[in-house]
Amino acid sequence: TLLFKETPYLHTAETMITYCIEDQILFPCDIFSTHVAVENLFSDEAGFDITEDFQGYYAAIIHPHRRYVRTLLEAVKDLEIRMIAPSHGFVIREDIRKYIEMYATLSRETTQGKKATIVYTTIKNSTKKMAKIIQDCLQENNIETEVWDADKSSATDILNSITSADAVFIGSSTKYADMIGNLENILKELHNMNLEGKLAAAFGSYGWSGEAIEVIQDYLNGTNMTVQSTSEVIKSTGMTHVEFPVRIRFSPKEPEKVQKIKNAAEFVSDLLLSSF
Ligand SMILES: Cc1cc2nc3c(=O)[nH]c(=O)nc-3n(C[C@H](O)[C@H](O)[C@H](O)COP(=O)(O)O)c2cc1C
């Protein structure tokens, strides 16, 4: 008798695990895999400790999706597992709970407080609404967040906030193919600051082309922050549902637009909260 449980994004959207009730075997797809395999099927016959390989596989394939490891841990919590038979590497039949516990430990979030700063300019508040969605999402993930309208706040206050932040989101809507308001002055200042170790992301609402968002991205790329880009997300995690910069046509009203903004904010949260 096979029991199926959905464990999405570990490591693709459609992933589910299968449990054979009579034999108590878990078939978890790529979860709990190792890269290396020798002729022997079982980890206890490998002739070496598989922990390093097991953790290496976790780091490379599963860790980018660690938010969903919580779903997995919940799914396997009450299962009596005698054997784990993943799609790669060794079949595990000893110390089962030790390996599950390793996933719990490695995916745990840091308890150090993290801070984000969001700066935006807007004509009719669509970019402001985007900033609010980012803020709410970060705060739900326990990241302290400050939000600044660059046209209503002092540049000094904004720059101080950026200096003390771990992640910086900068957004503007597009008017006549460029950013609006005071934002450019702030961005120019960033080039003279040492912002090493901070994460940065660009966002904005636009009508048809959204040049401002790309100009912000260019400015951020000129700083020494780690700037998020779709290309880097795909190359480092294989995720295709997270896009940077975050471009939203007109107001972020529709659920799919809100989701797109949340995906980006959650991705940055997860980077900030990673404990290893
Ligand atoms: C005067 C004016 C000029 C605009 N120029 C552009 C443009 O060059 N490219 C573009 O993609 N959108 C352009 N737009 C559309 C705005 O970027 C779009 O309405 C956006 O949703 C506004 O967001 P906001 O409410 O955050 O300002 C323009 C809008 C106005 C009113």
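Where does the ligand sit? In this model, which is a predicted one, the ligand sits in the largest pocket, and I would like to begin with what surrounds it there.

The shell around the ligand is made up of 19 residues, and those that come nearest are T122, I123, T127, S173 and S205. By character, the residues of that shell divide into 10 polar, 6 nonpolar and 3 charged. As for the secondary structure behind them, helix α4, residues 126-140, and strand β8, residues 199-206, each supply at least two residues of the shell.

Turning to the polar contacts, let me take the oxygen atoms of the ligand before the nitrogen. An oxygen atom of the ligand is 2.6 Å from an N or O atom in the side chain of S205, a residue that is also listed among those coming nearest to the ligand. With G210 the partner is the backbone, where an N or O atom lies 2.9 Å from an oxygen atom of the ligand. A polar backbone atom of Y176, in turn, is found 3.0 Å from a nitrogen atom of the ligand. As to the surface, the ligand taken alone exposes 650 Å², and the protein buries 85% of that.

Let me finish with the aromatic residues, for which a search of the whole structure finds 8 pairs. In one of them, Y58 and Y103, the ring centres are 4.9 Å apart and the planes stand at 65 degrees, over the 60 degrees required, so the pair counts as edge-to-face. Because Y58 lies in helix α1, residues 51-62, and Y103 in helix α3, residues 96-106, this pair ties together parts that are 45 residues apart in sequence.

Notes
Residues are numbered from 1 along each chain as its sequence is written. This is a predicted model: local features need pLDDT of at least 70, side-chain atom pairs count only at pLDDT 80 or more; totals for chains, interfaces and linings use all residues. Side-chain values use heavy atoms; hydrogens and water are left out. A residue is near a molecule or strand if one of its heavy atoms lies within 4 Å of it. A polar contact is a pair of N or O atoms within 3.5 Å; within protein, one must be able to donate a hydrogen and the other to accept it, and residues adjacent in sequence count only if both atoms are side-chain atoms. Accessible areas come from the Shrake-Rupley method with a 1.4 Å probe; for residues, only the protein chains shown count as cover. On a 1 Å grid over the protein atoms alone, a cavity is a set of points where a 1.4 Å probe fits but cannot get out, and a pocket is an open set with protein on both sides within 12 Å along at least five of seven lines; lining residues have an atom within 4 Å of a point. A molecule sits in a cavity or pocket if more than half of its atoms lie within 2 Å of its grid points. Helices (H or I, at least four residues) and strands (E, at least two) are DSSP runs, numbered from the N terminus. Ala, Val, Leu, Ile, Met, Phe, Trp, Tyr, Cys and Pro count as nonpolar, Asp, Glu, Lys and Arg as charged, and the others, Gly among them, as polar. Rings of Phe, Tyr and Trp (its six-membered ring) pair if their centres lie within 6.5 Å; planes under 30 degrees apart count as stacked, over 60 as edge-to-face and the rest as tilted.
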